[in-house]
Each structure stands twice: as structure tokens, then as C-alpha cells.
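Visitor: I am new to this structure and should be grateful for a close look at a single part of it. Please take one element and describe it in full.

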Amino acid sequence: MDSGDNTSIMSCQFCGEAFSLPEDDVDGNLPRMLLCAHIYCTSCLLSLHHHGVIQCPECEVESTLPEGGVFGLQEDSRIIGLIYTSKMNRMKRCDRSRNRKKPKISPSKDVKADTEGPEQPADVEKIKLVDEALEQAAESHAALENIHETLTNGLAEQLRRERARLEAEIKQAADKASHAVQKWKDVQLSQLTKLEAEFSSSQSEVSCVQKRMKALEIAMQMAREVRRVPILEQYCTLDKVVETLQAPVDKQLYDMKCITMGSGMSCVFRSECLNQSLEISLKMEDAAPKQLSESPPKDLQQSDSSRKSPKDRNRNCVSPEPDQESPGAISSPSRGSNRPGTPDVILEELLIEGQEKGACLSHVPPLPPPTGPELANDNWRIQRRRTSVSFGNKRNVTQWVVVSHVVNPSHFYVRYVAEKRDSEFISKKINHFCCGDGCRFTSCDAVEIGALVFVKREEGLWFRARLVEVFQDGCVEAVKVCPVTQLASVRVFFLDSGLGKRLAIEREEETAESSLKAVNDRLRKVGEGVKVELSYFVPQAVRCSLKDLVPYDLTKGWSKEAQLEFLSVVGSAAVEMRPLGQDRDSLLVDLRKAPMDQSRDVPISVREYLVFIEVARFYCPVKLSRRPLLYYPPKDPKINTELNAVVSHINNPADFYIQLVDNMEFVLLSAKLQDCYGATTVTEADDLSIYCPDIEQACVARYKDTLWYRAQVIGHPGGRKVEVQYVDFGNKKVVSVSDLRKIKDEFFALPSRAVRCCLSDVTPPDGKRWSDACSHRFSSLAHQKLVTIVATGQVPKSEPLPVKLFESPLNGPLVNIAELLVREQLASFKEGLQSSDAGEESAIWDSPLELGLSTDAQEQNVSGDQSEEPLEFHPQLTLPDQLKDLKVRVSHVNSPSSFYVQFTQYDAQLKRMCELVKEEVELTEPEHLEWKEDEFCAALINGVWERGRICSHVTSEDSTEVMRSDHGNKVKLHVSNLRTLPLSLTGSLALECSLTDIRPAGGRSTWTATACDLISFYLNGASAVMTIKLF
């Protein structure tokens, strides 16, 4: 270490003053260390402390002072040692210079002179020896501190890492066990507090370092005292002290790899067979410690890898006794003996008793194995003991099966899920047989039709199969028997899957040896002894057919689409099979796909699904096996009671739906539906998908606005579409099956909201059917509007409820909509009834007249008030010469300063304009045009072609806002409802007006929403007399 480094280290970094040691009566300025490891002098720390806390000037970390205050902080022994060393070096230099100038002191001087005069040469040599030892001890102490810090931190990290790992293993193992393991898990987690005892090797190393540090600190303290008071030498063995101080630190003596080793403890989940019963055994496995990290810290890596730790040197090597396990148990060879009180989980499960022994325990010759539906009978399938479940006759009970092979819906094979263990055992036994040479064909062997053989599949496993066809070299047709050396190909039927396949024997050379090798690569023979053993295991594949199901087109048979759809719906998962009968070699069944949620969903019938998607049909009428869950019916309003309602859907005046507004729960229903179904993931959507909807089935259906509503299936129009009725609105729609979702239980709580009604006391004018004009007019008066209803009677649930419908003005009397329709000759009262205000002038203004919806009678009445001379047709409105007392109809109201009127004298021209626009564009196809703002167009609005003007650019949803040129209001339309308008038809027959001599109250520049709504309510659709003032 150079002098520059010494100077910077031995001075305070804050004030720049050198550290000093206490001498005699002078207090020293010792270096002291804060909690952040920064070092400052005692003077600076005294000036920095405030209320027992010192904030580090460099890193601003606060350090709380101990009981002794600043003087209680830890001194930096390394710097103090360097100060001692520097001081001693200066003293040595001074002694050398004095020795050169002064004669040597005579050894005959008395003891008194020695003590009172300068230090004697013997003392100087001792002091020199002590100083050198102190310097070396300071370096050793610093190295030991570094080692101690590394080991301490490593031990803490070792404990934290092992604790985290063992906690994870314990939790994982406990989750796999039953609920009883929960209590055990808590106990074991609490015992992890004793985990430190498992790291005796690391603790031993830490203890050794601590002992060495303590011994070195004691020796350094003694040496300092001897240095200050040399006479104290007689009270200690200075040579031993010096030896302790001079002893170097050998890193090889400390096992740094111990902090990289695990405890050897782990928590495992293991399955073992024990006494044919399910037992839960909890224990910890103790094994050789595992390496947790690649190497110890870089600055402390060991070069001697063969050295053993103290624990290894003192540990006795004891071979653990093996666990007493059943033959079927699986044990890990790397684990040691079990220690009581330490955690481990072993979950043991049942194995079939006697399964490993197979048929060797019996000497009775077996019956020949059956084929076809007989396989479903207990007497054939169960010839050995079962586990805890006794299967009854499978023809009469539901079984869980896996479809193993499909030819078509009338010919497929299934395997029972309950026999999965048997299948695995058979496969293991067959592959064991084929590993030996006893199953190989020889040149003397021959194969024949119906023989049992082992066949190697693509995955490299062997399966048992039966020969269906045998083809010999040089023969076109199949033969009954063929020598193996002349075998060309075979067709086999796999007994355990139902798959039929043709195998070609490919030879490398046309020799007997090559032919025999090619045969043995694909086929193996079954000896008599092997047949006896396998005869106790009947074929796993059972041939089945969906009952009463035939191809959709009988002339074409089963299509490839039917097979693919059948495979897609059953998949590879287990399905529910219900035997329904037997037909020759097939078991007649119905398969049901398992519901995702047993508490709510119902199984999907594969038969009904195939019929629904129109790839199959029933041969005879089939009664559905379940009745769908229905909604609660809507609550009818009380008789002769005025209630507020909204007309949600209108078919005609005798068939429309209302929603009562007295229940606020329905307001939240739509939001809940969107939150539940609009935010579903792909997996959740698959779980809620409906594959085969039934008539009257409750569901949730998507509407054209992409929102979800409660619905009920009412028809199957075909093409994988269904007709649904939205039970809260009453409208019907044909949607794709992909737009349906299963309804959750929480949405069944509220009854249907839409109440089916009809106008009482009125009938169609002809007494037969309602005209389109009347339906449109009724829609304009009531659809999606707040009305007042009065129920006039009670009817059966299947018939509409007769009601009286009234417009609901803010102020003023109610207006009976039925009387308005009668007044406009769109309806007539029933015999013996008339209007309540017949012969009296109406208390309110006339109702609005929609374009294209008036009847011939209205046209005659309107034309009667006008001049008999026909007006010349003009596409653009021209003001009459007389501007007073003009008869107008208010078509749209924005505010008192902006509303639109139509002149009644131009009603004929309005109708003519509508007809001309319809003739021009009705038969044209949609055009891919870039519609611009203020451009005229023909627009299809409510089924009627009208003139319009584009108000805004087309949005990303291909929709735009269009102003109705002859009415004044704006509507939002899809571009597919727009056509190019001929230039000769452009114009407008609606006049924008403003009320004179009035202005907004309070000096406002704009009208309030209340004022706009009020005047819109009174003026919109009203007939009036108007005087025009031009400015």
C-alpha cells in the first residue's frame, strides 16, 4: 500500500482531518463506522448527530446511535491498525537517527535509569516485534472479517433459499393429498423454524471463523496494552500473543462450498401400493445434499475440491435401510432412510389385485372371447377382481367411454374409461411378449385369415389384432393361408381400438431371409401360451351405432362431413354413453358430451347435434330426453290502472310488446349481461357455447349492435341458424348458432320483461288484416316512446293483453293513440264504440303525418282543402305568393330558433317525389363510393326511399349521418342504404323556420335543453297555421 493511499485512508473524508489515537490525557479522534459502512472521525460524528440519529453525509442513510452515543459506535480496527503501523514506522526512523548520533548505552546502568530514561534497545526490539505483529494481525483480521461477512450472508441466503424451496415443495405436495393433509402441512411449516440445524456444516465453519476472530481480537487487545505499558509483558505470554498475531489466514482451511449445498431434505408426492388400500403417509426424505449454485462467491472460490468439511470428517457413514414396499411401489434410489418428524408426502393408490399374475393363476380354459355388443356384458368383461366399483349390466346403465375409432355415426368403436388400467396392463404385457424371440415368425410358419397376431404401429408399440385379409405374392385376390416368406400384405383389425388397416410387407431383397425379416418387423405371432394369458382380457373396443340415426341424404349415404363433425364434437375426451338397444353386431347407443358445469349445463346429445347441423336425420320420431329450463313469465299490469311503459317492439296494433318502467332492476340487467358475456375469453366462450339448441331453450343471444340480451329459441330455420325471441323486448331474429351462449343461473332470477299487448276497442278497417301504413303510423306514434297504458281485461297467457295506449305529454290531457288511428281512418272502432271526444274539437294539435304512410282517405281530405287545380311539380320548395295563414305540418324541431315545416299544399308533390326516388334507385345495387359532406343522395329510411344529404364523413364502421331533405331530421345509416341521387331530383320540400320575437331567458345565447324538449314535444308532428316574416 503506497503512502498516498495511507494518507487518504487515515484522514476523515468529511473534514479532511487525520485520525488520531488517544495518548495520555489527550482524547484521540478515532475513526468510527456508521450503519451504512461509511467511516468518519469522532469529531465530525459529534457535530452531525441530532437527537440520537446521524444522517450519513454521503448516502443520507440514517443511523441510530447506541447507548453510548457517538462513542458507542464501532471503531474501524483496520484504520487504527494502519495508524499504529505508521506511528511505529516513524518511531523506528527516529530511533535509527538517534542511534547514529549517540553512543550505545552501557548495560551496567541500573534499573531506575532504565525506567526513567528513554526506551532501552531490548524494549525497542520487542516493540518493533509487536508492531510488526500488529500490522500483520490487522491484515489478518480484515481478511477474517471479509470471510465472516461472506459466510454470514451466505448462511442467511442459504436459509432463505432453502426455506423458500421447501415451502414450495411442501405446499405442492400438500395440495396433491387429501384435505387431511392440511393439518400436517401446517405442522411441517411450523417446524421449518428448526431448519438451521440442518446446516451444521455451514454453522461449524461460521463457528470456526468466529473463534479465530475472537482469539485474534483478544491477542490484538493484549498487544495494544503491552505496547502502551510494556511492564504488562510479565503478566502475559508475549511469544504466544505474537504467534497468534502473526498467524496468516489460510482460506483453504475454511469450506466455502458448504453454503452452496442444500439440506438434502425435500418434499415429494409418491404413489405406492400398500395392502390394496389408500393410505396417506407423511414424511420427509433425507438424501445427500444437492448443489444449489454453481460455485461459492468469486472472491472465495476454493481450489481444493477434495477437502471435506468438518461435518463430513466427523460424520459416520451409515447405509440406510430400504423401505418395505410392495412390488408395485416405485421408490427413488437416490433417497435415504426416512426420519420421523420430517415432512414428506406419499399418496398410495389401489392396484387391481392379482393383475400382475394375470391368467397364470387359473387352470380352467377360458371361453372364446365375444365380439360386438356382447362385450358390454359383465359376464364377459369382468373375469378378474375390480376395485371398489361393481359394474352392472352395461346395457342398462350410463357409462363413460372414449371414442377410439369412427367410420361413420352408425359404425364406430368405444372404449370404457373404467378399463383404462386394463388397457395399460395389456399393452405392457404385449410389448413384453414381443421383446422376446418366442413371438417371431420362422420360415416354417404360415398366416391365415382370422388368426390373432401382434402388429407394430407407427409409434413403435405392439398391439393385438386379427387378420381380416391375407394377400400372397403374385395373387390379386386374398387367400386364406399364406407362408410368411410369400406374404405381400395383410389387412388387420385392432381389437382394442376398432381400427382397420392394411399393412404392406416391404422387402429389401427378394430372398426368404429378407422376407422373414420384413414380416417380423411388422408382425409377431401369438403362441398358445400367450393366447391363454390374453384370453382373459377381452377386446377393449366395442362396436356401437347411434340409434335411429340415418344419413341426411339416403341416396348418398354418410358424408365425410358427418364423420368429421362427429369426431369434432366427441373429441378425445370422455363422453357419456347410454345403451338403448342392440342390432346384430352393434350396440345402439346415444352419446352425450359431458357438461362443463354440472350445476347448470345439460349434456349435449350427439344425435341431436348431428341432426341440427343437417348432416343426419332421425329415422323415426324421437322424443327429446329433457325439457329446457324456461324464464319466469312477465308480470301483467293491473286492470284499469294507469302505468308508465315503453313500447319496445311493434308488429301491428294487435301485436306489440311493452316494458313496464316501475322496476329498476332491469336497468342493471343489460350492464351485467355485457360485463359477463362481452368480456369472456376464448376459453370461457367455448365453455358457454351452445352446439345443439332446443326449441324453447333459454339462452343469451347477440343482437346486431354486438350487445348480448336474454333470448329464447323458437325455431330452426336450417343452415346452422336459429330463430330467437328476445324476451325482454319481444322482437324476433334469425341468428347463427355462434351468436348463442348458455345463460347463467343469475340471469334467471328476473322474469321476462316484454309484455305482449294489443290495442283494445279497435280493428282493421277491412276487419281482416292491418295495413302496412297503419303499422308504420302506429310505430311512429309509440315505438320506443314513453306512454301510459291501461289494461282493460284479463286473457290467457298465450293471447295478447288488451290495453289502451296514451301519449304522455308533460302538461295536458292524455291522447288515446287508438282514437288517433281511427281519426286518420287507419283503424275503426269495434261495433258499439266511438271516440270519447267524438264531435268535439281536439284539445291538442293534430298528430304528425309521416311521409309515405298516409292512406287514400287522408290524401283525399288533404286535397279537399287545397285548390282543385293541380300544382306543377318542382323538386325544390318555392314559397307561395301569399305568406299569411299558411297550413303547415311541423316535421322536426331542434329548438325554438330551428325547426322544419312542410306545406300541406305540397303533400301530393311529396308523395310524387317519394315515388320518383323509389323508381330510380330501388333496383340498383350498392355502390362503393366515397361519400362527401353536403352531397345529395337517396336514403332507405324505415323501408322508404327518400332524398337525403350527407352531414358527416363515413366512419370506420361504414356508417354516416344523413339529413332527411324533406323532413329536416338527421339519421345514422349504413352506406349500403345509400344510392346516388339523380341531379334532377335534388332539392328539399322542408323549410327551416324560427319563432320571432322570442329569445332564450336569462340573456343566454343558446336555448336550454328543457326549452328544446318542451317545444319539440308540443310542435313535432303538429298541424298549424303559419305566417312567414322575411328579414
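**A close look at helix 22**

Guide: On one side of helix 22, Ala-1009, Thr-1010 and Asp-1013 are exposed. The model in which this helix appears is a predicted one. Helix 22 covers residues 1009–1019, and across from the exposed side Cys-1012, Ile-1015 and Leu-1019 are buried. Viewed down the helix axis, these buried residues fall within an arc of 75 degrees, so they line one face of the helix. A general rule of geometry bears on this: an α-helix has 3.6 residues a turn, so residues three or four places apart point the same way. The cover over the buried residues of helix 22 includes strand 40, which runs through residues 886–895.

Another feature concerns the surface. Leu-1014, Phe-1017 and Tyr-1018 make a nonpolar surface patch of about 250 Å². Of these residues, Tyr-1018 may be looked at individually: this residue lies in helix 22. Its relative accessibility is 38%, and because partly exposed residues fall between the 20% and 50% limits, Tyr-1018 counts as one of them. After the helix comes Gly-1021, whose phi is positive, near 85 degrees.

The setting of the helix may be described as well. The protein has 22 helices and 48 strands. Of its 1031 residues, 41% are buried. Where contacts join residues at least 6 apart in sequence, 66% of them link residues at least 24 apart. The accessible surface of the protein is about 58,100 Å², with 51% belonging to carbon and sulfur atoms.

Technical notes:
Residues numbered from 1 in each chain as written. Predicted model: local features only at pLDDT ≥ 70, side-chain atom pairs only at ≥ 80, totals over all residues. Heavy atoms only, no water. Buried < 20%, exposed > 50% of the residue type's maximum accessible area, 1.4 Å probe, protein only. Helix = DSSP H or I, 4+ residues; strand = E, 2+ residues; numbered from the N terminus. Arc of directions from axis to C-beta. Contact = heavy atoms within 4.5 Å. Patch = residues over 30% accessible without salt bridge, like charges linked within 9 Å, V, L, I, M, F, W, Y side chains within 5 Å. Areas by Shrake-Rupley, 256 points an atom, 1.4 Å probe, with all protein chains shown as cover. Salt bridge = Lys/Arg side-chain N within 4 Å of Asp/Glu carboxyl O.
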